[in-house]
Amino acid sequence: MVASQLGPEPALRRELVVIGNGMAGARVVEEILARDGGEQFRITVFGDEPYGNYNRIMLSQVLAEDGSDLEEIFLNPLGWYAENGIILRAGVRVVRIDRFAHVVFGDDGSIVRYDKLIIATGSRTFFPPMDGMWVDNHRLTPGVFGFRTLDDTTAMLRYAQGRCSAGGDRGAVVIGGGLLGLEAAYGLRQHGLAVHVVQSGPVLMNQQLDDEAGAILRRLVERLGITVHTGARTTAIRSNGAVTGVGFADGSTIDCDMVVVTAGIRPNVGLGVACGLTVQRAIVTDDQMRTVEDFDVYALGECAQHRGEVYGLVAPLWEQAKVLADHITGADPRAAYHGSRNATKLKVAGVEVAAMGIKRPERADDEFVRICEPRRGIYKSVVVRDDKLVGATLLGDTGKVAFLTQAFDRALPLPEERVELLLDLAAPDNKQGAAEMDEGVQVCNCNGVRKGDLVGCVRAGTTSVAGVMATTRAGKGCGACKELVRDIVEWAAGGDIVQDASARWYVPAIPLEKPELIAEIRRRGLRSVSAVFAELAPNGEDAASKMPLASLLSMLWGREYLDERDARYINDRVHANIQRDGTFSVIPRISGGVTTASQLRRIADVADRYAIPMIKITGGQRIDLLGVRKQDLPRVWADLDMPSGYAYGKTFRTVKTCVGTDFCRFGLGDSTRLGIDIEERYKGLESPAKLKLAVAGCPRNCPEALVKDVGLVAVGEGQWDLYVGGAAGASVRKGDVLARVASHAEALRLTGVFLQFYRENARWLERTYDFVPRIGIDELKAILVDDRDGVVAGLAARMQESLDAHRDPWLEGRDPVTSGQFADALPLIPLPLVPRPQVPSPYAPLPQVPVR
């Protein structure tokens, strides 16, 4: 439990309890605080999960990547609650509500009184009844997963990387071809799995798309290497202790190692039923979001039913939160929620989709205009009724979504030439379109931000795009609305937009861009983070600036860098990746993915000796030992007798390879040798962001070199194409060809030149897939290949200085830098057991309790 240190209680503060710390629960708390609700209520929030509030929309990004960088998805980290005087009971589930005594009971034995109660329990994955799904009433068969929470996502990642046969005949089956199903399939595919999507109906994303649009989406998904099965009803999951396959109603089967179920969701209404609230599809509420029989109890989000509707999108949730906050605080006692018109814009498996209203004409006089370009992956349609837009679908090209959303929300007059709704025929430019957009139009669906919110922020004095985005959270979800946000801010500022200088600073504490910062550090001879703060930071130390400065100084000074351990994150202090339970992940270097029997024996012996609970094969062709205790790290490293794989920091990490000319009959170049040489040469380099590389022995590109930070592909006759700026996580980008090099040695040299240029010029946490487009591939060729500016020799020399300064960090296990470097922070002693009530499974049938 995380609780704030509260001061003296105001005499009349009432108790407000919020059940649910998801996007609905946290948002309504934010809205209440914005209306000075913190002065009226002492707020306690219960959350099933042991975290702060995070953006569930970004779980697909976590799945598509390696799950190591989770900070970006948190909207309200744990510290936010204490800062706002909120008691957060993280990881505590409410198991019962006594409406007559006005108390709730937690599964840890706690009892908390309330004056007002908000239920925001959201929804859970629906697991359809089928043979083999469950081990018993509470446990899914190993290898079966939902896709709803952060724990679901990380569990899928661990299982996929540790158990599944990447790229082989066995892989993953995703049951359900809706938005979540396609995102799960796309994420698993990024880890090399063979993925099958099984949809019982004939159309993918049938809630948003008609048959034609669904067929185009299917083609786009299949181009990603995902197999799609429509009209297939899954009836059984086969297993022999863990998943081995699925069976269908027609008797056919698919072999697989894991199953992800995305066949729909069900509102979490068990608490409401048990305490006697009216529950139909969800907990029934009035226009103030109060439950209909108890005005001290409110409900919102996916667990609430309003006027017969249960909303699963973010925008209605935000609208409900505002009305509830207005009413419960008295800011506007007459506030009322009248329902929402569903319009959404999202990105599915890298494909932009927007949908609103109905998909096809439903009346004889409905007008229907569509543009269908299957080869280009584009489908656009509108449905017009009585000169009003009542439906629109955009797939692959969402350029008209802003105007269509406005027309749909506001019933605006439409052009006589209906095709103008879909094509830019003499259309206004972006700024004019932003000016004409109604202020009520929602711009950011992820965070419920309307045009009026952006304009109001500008009028309040924030006139930089970065500042407006930080204040309103627009563009902080999937990012699809960033260009529109920029257009609106530029229009609202009337040409007086401030280019936020701080957005270009390398660190928040020092008002200098990276080249100027480097120059000042060198000129003044600043070799430690504290020295940089003392000389260059106007307001002194800043926690967010320490890590990037430590990385930068290490790059600049090498062995002369004065390493201050308080400037490092825990991962960099102990040279391992901390896990959610406080243990660590250890990944030794296996250069080019090539190991030996001796190394494998040592890894197995270490796993047994230290009772390491999980060993998994990573997507980078390495072996991960998960669950190592901090105090065991030095002995684990010593017994492994292998160097660090640097899987924990912003560094050069790994080089994937194929077998090249050694064994493959298609090999055109010795990719294994080149990959090993690259990894051995550039191992552990400090970098603004992590670096992942690959070398392919032929254009078949088995190790996925085209979508790495740096990728090399053999093209024959000793030549290699060198790609830079690729990505295959939440962002998908094919790398740009920097050069075709004529030898192994030249490939090694130019790789280093590019990496050093990136290290010296990239912003902190800017991956190469953003850096390369920002600089421009033609500019990079001129600088690094043609040596237009005469900098290549200097880059190579500074790179060599960094390489000469390299020291394996795991050697600190023999000689720790501080006495407590590897000491456990807490005594691991048995804690007294607290009696806990029996907690029913969330998937068990709801109890039949009479309504009182």
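The legends below accompany close-up views of a predicted model.

**View 1. Helix α13 and its surroundings.**
Let us begin with α13, the helix that covers residues 465-472. Which of its residues are buried? They are Val465, Gly467, Val468, Met469 and Thr472. These buried residues pack against three elements: β30 (449-450), α12 (451-459) and α14 (482-492). At the N-terminal end of α13, Ser464 acts as a cap, with a side-chain oxygen 3.0 Å from the backbone nitrogen of Gly467. Just past the other end, Arg473 has a positive phi of about 75°.

**View 2. Helices α12 and α14 where they cross.**
Two of the neighbours from the previous view, α12 and α14, also meet each other. Their axes come within 9 Å and cross at roughly 45°. The two helices are therefore oblique to each other, and their crossing is right-handed. On the α12 side, the contact is made by Lys451, Leu454, Val455 and Val458. On the α14 side, Val485, Ile488, Val489, Trp491 and Ala492 take part. Sorted by character, the residues of this contact are 8 nonpolar, no polar and 1 charged.

**View 3. Helix α14 and the glycine that follows.**
Staying with α14, look for its buried residues: Val485, Asp487, Ile488, Val489 and Glu490. Some of these names will be familiar, since Val485, Ile488 and Val489 also belong to the contact with α12. After α14 comes Gly494, and the phi of Gly494 is positive, near 60°.

**View 4. Helices α15 and α16.**
How do the axes of α15 (residues 514-524) and α16 (residues 529-536) cross? They come within 11 Å and cross at roughly 105°. That makes α15 roughly perpendicular to α16. From α15, the residues to look for are Leu517, Glu520, Ile521 and Arg524. They meet Val532, Glu535 and Leu536 of α16. This contact is made up of 4 nonpolar, no polar and 3 charged residues.

**View 5. Asp366 in its loop.**
Here the focus is on Asp366, in the loop between β25 (351-357) and β26 (367-373). Is Asp366 buried or exposed? Its relative accessibility is 10%, so Asp366 counts as buried. Two backbone nitrogens can be found beside its side chain. The backbone nitrogen of Glu362 lies 2.9 Å from a polar atom of the Asp366 side chain, and the backbone nitrogen of Arg363 lies 3.0 Å from a polar atom of that side chain. Beyond its neighbours within four places in sequence, Asp366 is in contact with Pro361, Val383, Val384 and Arg385.

**View 6. Asn268 and its partners from elsewhere in the sequence.**
Asn268 is found in the loop between β19 (265-267) and α8 (270-274). Although Asn268 and Ala120 are 148 residues apart in sequence, their C-alpha atoms are 8.9 Å apart in space. Which residues does Asn268 contact, leaving aside its neighbours within four places in sequence? They are Thr121, Gly122, Ser123, Arg124 and Cys303. With one of these, Arg124, Asn268 shares a polar contact of 3.1 Å between side chains.

**View 7. Two residues with positive phi, His102 and Met205.**
A little background helps here: most residues other than glycine have a negative phi. His102 is not a glycine, yet its phi is positive, about 55°. You will find His102 in the loop between β6 (94-98) and β7 (103-106). Met205, also not a glycine, has a positive phi of about 50°. Met205 sits in the loop between β13 (195-199) and α7 (211-223). With a relative accessibility of 1%, Met205 counts as buried.

**View 8. Ala797 in helix α26.**
The final stop is Ala797, which belongs to α26, a helix of residues 792-804. Its relative accessibility is 40%, so Ala797 counts as partly exposed. How far apart in space are Ala797 and Val753, C-alpha to C-alpha? The two are 9.4 Å apart, with their positions 44 residues apart in sequence as the separation.

Conventions
Residues numbered from 1 in each chain as written. Predicted model: local features only at pLDDT ≥ 70, side-chain atom pairs only at ≥ 80, totals over all residues. Heavy atoms only, no water. Buried < 20%, exposed > 50% of the residue type's maximum accessible area, 1.4 Å probe, protein only. Helix = DSSP H or I, 4+ residues; strand = E, 2+ residues; numbered from the N terminus. Contact = heavy atoms within 4.5 Å. Polar contact = N/O pair within 3.5 Å; in protein donor to acceptor, adjacent residues only side chain to side chain. Axes fitted to C-alpha atoms, helices over the stretch in contact; angles between N-to-C directions. Parallel < 35°, antiparallel > 145°, perpendicular 65-115°, else oblique. Left-handed = near helix turned anticlockwise from the far one by under 90°. Nonpolar A, V, L, I, M, F, W, Y, C, P; charged D, E, K, R; others polar.
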